[in-house]
Amino acid sequence: MGGINGTALEGLREGLRGPVITAHDPGYDEARALYNAMIDRRPAAIAQCVDVADVRTVISAARETGVELAVRGGGHSGPGLCMIDDALVLDLSTMRGVRVDPAAMTAQVAGGAQLGDLDHAAHTFGLAVPTGIISMTGVGGLTLGGGHGHLTRRYGLTIDSLLCADVVLADGTFVTASEDEHPDLFWALRGGGGNFGVVTSFTFRLHPVDTVGVAVTVWPVDRTPEVLRWYREFLPATPQDLNGFFTLFTIPPGPPFPEPIHGQKMCGVVWCYTGDLAGDSLEQALAPVNEPAPSAFHFTTPMPYPALQGMFDELIPKGYQWYWRGDFFDAISDASIDVHHKYGENLPSELSLMHLYPVDAAAHQVGGDDTAWAYRDAVWSAVIAGVDPDPANAEAIKQWSVDYWTDLHPHSMGGSYINFIGEGESTDRVRATYRGHYDRLAAAKHTYDPDNFFHANQNIPPATG
């Protein structure tokens, strides 16, 4: 195999409790498949680790053979950074255990767990961690990038609930990073991506979340300017119990949407309410939704939090073509609204979309320098995603995404949520994303990975000198 010879491969197999899969094995194509089917790479071997000992063995094998190493958690990386041609892939996807301590209100989450695993384990105790919006997303990649979703305005970013992390470093050393142990590493892990080591376990603070109020409001896409001008004023002024991300999308053919609007391009807001659901409190919180324009559809219901987390899973399952890009915004300007309107009316496929995620309220209550996340002054995190099941449409959805981003970027703050940087973007985008934190991250990289062993990521090279 390219990059690792037969003797080294056999030694790796003997040293691991988990399987090592190559192109000669029947499960190879399944093991290398990613959420984004636009990425089709053929690693030399995929080592599916079952514990920390396996992780250390794989790292040692990569160092000894000189083969390039990639680290896979949930496999949800848009640019496919967790899968590299001819590389050795350290695959955490079978390490999915979650241990909840309801008395301490903490959860210990294995490095390969998905959001659905965490939500399921915590929900039985009426608890949750603020994470993303798709249950198939890996906890590891989302957390190391910062993490935002339905609970951000109420409980902050995912990293704001991180208490400690167990990490295997490039030299095989095992450390626990927290405010008290290796605090420089702990600071870097909270937003700095996969640059510093392999996180085998995360420990989170849990929050009381059980049944939430869920609402979906949609308007015809030609009302996008009026709706966005209303939304930019309404949401930041609401109590932090109400979260709502704005979207441009095509109505899917199924419930809860009525048949007359199926297939129509719409703008809308997906709401999550963590306040008291007694009486009509949700309806009162959302009473102003018809102020910008009469809604084409407005739906409200109480819902168990894990059900909300899995609400979009069937709509955009693993194996579709994806291309995405993103940016941070501290305001939704009139000029940017014109861009959203233009590209919303020209969605290139039924599944392509744009989301504006709120990153204010509780997320603003953490100091700007307290974590590696460098945009505590951002109010929205945007993602533009071209999505389609057909590979023949891959170029069209990518071009729409790039064009949309190119027109929108001048109205942004300059950087992006690190997990929304798309394939082929300039390395300058990474520096822009970390602003004044970049040099501190490079210094941490020098301390914990001076040889840049972990470079299959949105890479921050180690500082020199």
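**Figure 1. Contacts of Thr250, a residue of strand β13 (residues 242-250)**. Apart from its neighbours within four places in sequence, Thr250 is in contact (heavy atoms within 4.5 Å) with Gly263, Gln264, Lys265, Leu347, Ser349 and Glu350. Thr250 counts as buried because its relative accessibility is 11%; buried denotes under 20% relative accessible area, exposed over 50%, and partly exposed the range in between, with a 1.4 Å probe and protein chains only. Helices (H or I, at least four residues) and strands (E, at least two) are DSSP runs numbered from the N terminus. The model is predicted, so local features need pLDDT of at least 70 and side-chain atom pairs count only at pLDDT 80 or more, whereas totals for chains, interfaces and linings use all residues. Residues are numbered from 1 along each chain as its sequence is written, and side-chain values use heavy atoms, with hydrogens and water left out.

**Figure 2. Strand β17 (residues 353-358) and its pairing with β13 and β18**. Of the 6 residues of β17, 6 are buried, so the strand is largely enclosed by the rest of the structure. Both faces of β17 are covered: Leu353, His355 and Tyr357 are buried on one side, and Met354, Leu356 and Pro358 on the other. Two strands pair if DSSP finds at least two bridges between them. β13 and β17 pair in the antiparallel sense over 3 bridges, with Leu248 opposite Met354 in β17. The pairing of β17 with β18 is also antiparallel and runs over 6 bridges; here His355 stands opposite Val383 in β18.

**Figure 3. Surroundings of Asp388 in strand β18 (residues 380-388)**. A relative accessibility of 10% is why Asp388 counts as buried. When residues up to four places away in sequence are not counted, Asp388 touches Tyr320, Gln321, Ser349, Asn393 and Ile397. Between Asp388 and Ala307 there are 24 Å in space, C-alpha to C-alpha, and the two are 81 residues apart in sequence.

**Figure 4. Crossing of helix α11 (residues 334-344) and helix α12 (residues 394-408)**. The axes of α11 and α12 come within 9 Å and cross at roughly 165 degrees; axes are lines fitted to C-alpha atoms, for helices over the stretch in contact, and angles run from 0 to 180 degrees between N-to-C directions. The two helices are therefore roughly antiparallel to each other, given that angles under 35 degrees count as roughly parallel, over 145 as roughly antiparallel, 65 to 115 as roughly perpendicular and the rest as oblique. The crossing of α11 and α12 is right-handed: a crossing is right-handed if the near helix is turned clockwise from the far one by less than a right angle, and left-handed if anticlockwise. Ser336, Val339, His340, Lys342 and Tyr343 in α11 meet Trp400, Asp403, Tyr404, Asp407 and Leu408 in α12. The residues of this contact divide into 5 nonpolar, 2 polar and 3 charged, where Ala, Val, Leu, Ile, Met, Phe, Trp, Tyr, Cys and Pro count as nonpolar, Asp, Glu, Lys and Arg as charged, and the others, Gly among them, as polar.

**Figure 5. Helices α1 (residues 6-15) and α3 (residues 52-65)**. The α1 and α3 axes come within 10 Å and cross at roughly 165 degrees, which means that α1 is roughly antiparallel to α3. The crossing of α1 and α3 is right-handed. From α1, Ala8, Leu12 and Gly15 meet Asp54, Thr57, Val58, Ala61 and Thr65 of α3. The residues of the contact of α1 with α3 comprise 4 nonpolar, 3 polar and 1 charged.

**Figure 6. The open sheet of 4 strands, ordered β1-β2-β4-β3**. Its pairing is mixed. The edges are β1 (20-21) and β3 (69-72); each has a single partner strand, so one side of each is left without a neighbour in the sheet. β3 and strand β4 (residues 88-91) pair in the parallel sense over 4 bridges, and Leu69 stands opposite Leu88 in β4. Helix α3 packs on the sheet, touching β2 (45-48), β3 and β4, and the direction of α3 makes about 165 degrees with that of β4.

**Figure 7. The open sheet of 5 strands, ordered β5-β6-β10-β8-β9, and helix α4**. The pairing in this sheet is antiparallel. Strand β8 (residues 162-168) and strand β10 (residues 198-205) pair over 6 bridges, with Leu162 opposite Phe204 in β10. Helix α4 packs on the sheet, touching β5 and β6, and its direction makes about 30 degrees with that of β5. The buried residues of α4 (residues 115-123) are Leu115, Asp117, Leu118, Asp119, Ala121 and Ala122. These buried residues pack against β5 (98-101), β6 (106-110), β7 (127-128), α5 (139-145) and α10 (305-309).
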